[in-house]
Amino acid sequence: ENVSVAGVPSTCGSPGFEYEPPHNATVVDRLVDDGATLVGTTNMDEFAFYITGETCTHGRIENPAVDGCVPGGSSSGSGAAVAAGFADAALGTDTGGSVRIPASFCGVVGVKPTHQRVSRFGVVDLSQSLDHVGPLARDAETAARVLETIVGPDADDPSTRGTPEPEAYVNAVDEGVADLRIGVVDEAMATSGDAVSDRVSAAVDGLADAGATVEETSLPGYATMGPVVGAIAGLEFAAFVGTNGASLATGTGTTDALRDALEAANGRGEFGENVTNLLVTNGAVADVDGSPFVAAKGLQREFTRTVREALDDYDALVTPTTPMAAPEFGTVQGIDGLLRVVENTAPFNCTGTPAVSVPCGRVSGKPVGLQAVTGWNDEATGLAVAGSVERL
């Protein structure tokens with residue numbers, strides 16, 4: 001719902017927001033121009049700020065793959081729609097894992113492209129410096145087809161200037177992993193549930209059998225990136241809403257229609273509990289001197305250097321997408337629960353590197369996702385790993 005389709009009303013999952021976009025998002029135009037059929041917009045966690053599909057104004061979202069468990073979020077409806085077979089593919093936005101988490105919990109493929117590789121014009125951002133738009137799909141080839149269509153520079157989104165043109169991502173899916181160097185991230189394997197880590201380890205062994213060189217590696221600062229994403233996203237969203245959508249940095253810009261809708265929403269003050277708390281807390285922080293934001297950005301830069309150095313040694317880094325399989329409804333609570341779910345996805349929103357989640361088996365009947373992280377603008381290698389995992 002936060003990806004604009006002209007004339008289709010949107011609430012962004014919020015009880016206090018109403019918006020009828022006068023135009024399509026760039027990604028929507030590109031899909032339609034390339035022959036895609038749009039079948040609907042999907043429910044989502046309110047303003048993309050949560051990760052279970054339980055904070056949606058249209059009601060909670062079921063997980064078609066696991067009865068009684070959350071589908072993941074915030075792009076909950078997109079993951080569920082694909083898992084249920086209602087659509088071949090769907091779009092989602094990813095600030096701290098919101099494409100990859102529903103992909104993991106629902107047993108589908110999710111791709112977070114390189115930051116700014118896909119236009120966000122016509123997308124209602126949670127965090128301009130962290131948000132990505134990417135596909136969820138039934139398999140890696142379908143995800144690659146969508147990605148080929150939506151990537152590339154867009155005159156309406158100045159943040160995409162200078163980004164590369166689309167590549168032959170579909171071809172990459174069948175390239176295999178022979179001669180690839182893969183680093184398995186120690187911190188992610190150690191803090192994920194044993195059964196989940198075991199499934200990912202088994203898949204990694206399969207990649208080694210297929211010709212990849214596999215080693216363990218460490219990423220110092222990994223555990224701090226969830227809180228860093230929370231700090232950056234919270235402050236950016238509070239500033240965005242507090243100014244009725246004024247875009248004060250390089251971003252997609254904000255149309256008059258969206259600014260009017262945000263102004264009306266601010267006047268009503270009927271946001272849900274999560275978003276209200278987010279705005280109040282971060283609005284107060286933003287009114288001081290901005291030092292928490294500056295500190296978070298410093299940690300982000302340091303970790304980005306760490307990951308870039310690791311990707312000098314490896315073609316891909318592998319982790320479990322989420323440290324657990326889909327939890328039951330009502331069991332993920334508050335910020336602590338959110339940070340636990342995003343601990344393997346949020347670090348790579350900080351770095352802006354592309355990441356693909358692909359199913360790699362099940363634990364107690366629940367899907368498990370493997371995440372492959374690659375260098376900037378190298379989505380092709382991540383899709384090659386995903387395709388190889390699908391063939392195991």
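**Ser 10 and strand E8, term by term**

Mentor: Ser 10 lies in the segment before helix H1 (26-33). Keep in mind that this is a predicted model.

Trainee: Why is Ser 10 called buried?

Mentor: Its relative accessible area is 6%. Buried means under 20%, so Ser 10 gets that label.

Trainee: And which residues does Ser 10 touch, leaving out those up to four places away in sequence?

Mentor: Glu 1, Asn 2, Phe 17, Glu 18 and Tyr 19. Contact here means heavy atoms within 4.5 Å.

Trainee: On to strand E8. What makes E8 "mostly covered"?

Mentor: Strand E8 spans residues 366-373, and 8 of its 8 residues are buried. Lys 366, Val 368, Leu 370 and Ala 372 point one way, while Pro 367, Gly 369, Gln 371 and Val 373 point the other way. Both sets are buried.

Trainee: How do you know that E6 and E8 count as paired?

Mentor: Pairing takes at least two bridges. Strand E6 (residues 316-320) is joined to E8 by 4 bridges, so the two strands pair, and they run antiparallel. As one of the partners, Thr 319 is matched with Gln 371 in E8.

Trainee: What makes E7 and E8 a pair too?

Mentor: Apply that cut-off again: at least two bridges are needed. Strand E7 (residues 355-363) and E8 have 7 bridges, therefore they qualify, in the antiparallel sense. Val 356, for instance, has Ala 372 as its bridge partner in E8.

Trainee: What lies between E7 and E8 in their hairpin?

Mentor: There are 2 residues between them, and Ser 364 in the turn has a positive phi of about 50°.

Notes: Residues are numbered from 1 along each chain as its sequence is written. This is a predicted model: local features need pLDDT of at least 70, side-chain atom pairs count only at pLDDT 80 or more; totals for chains, interfaces and linings use all residues. Side-chain values use heavy atoms; hydrogens and water are left out. Buried means under 20% relative accessible area, exposed over 50%, partly exposed in between (1.4 Å probe, protein chains only).
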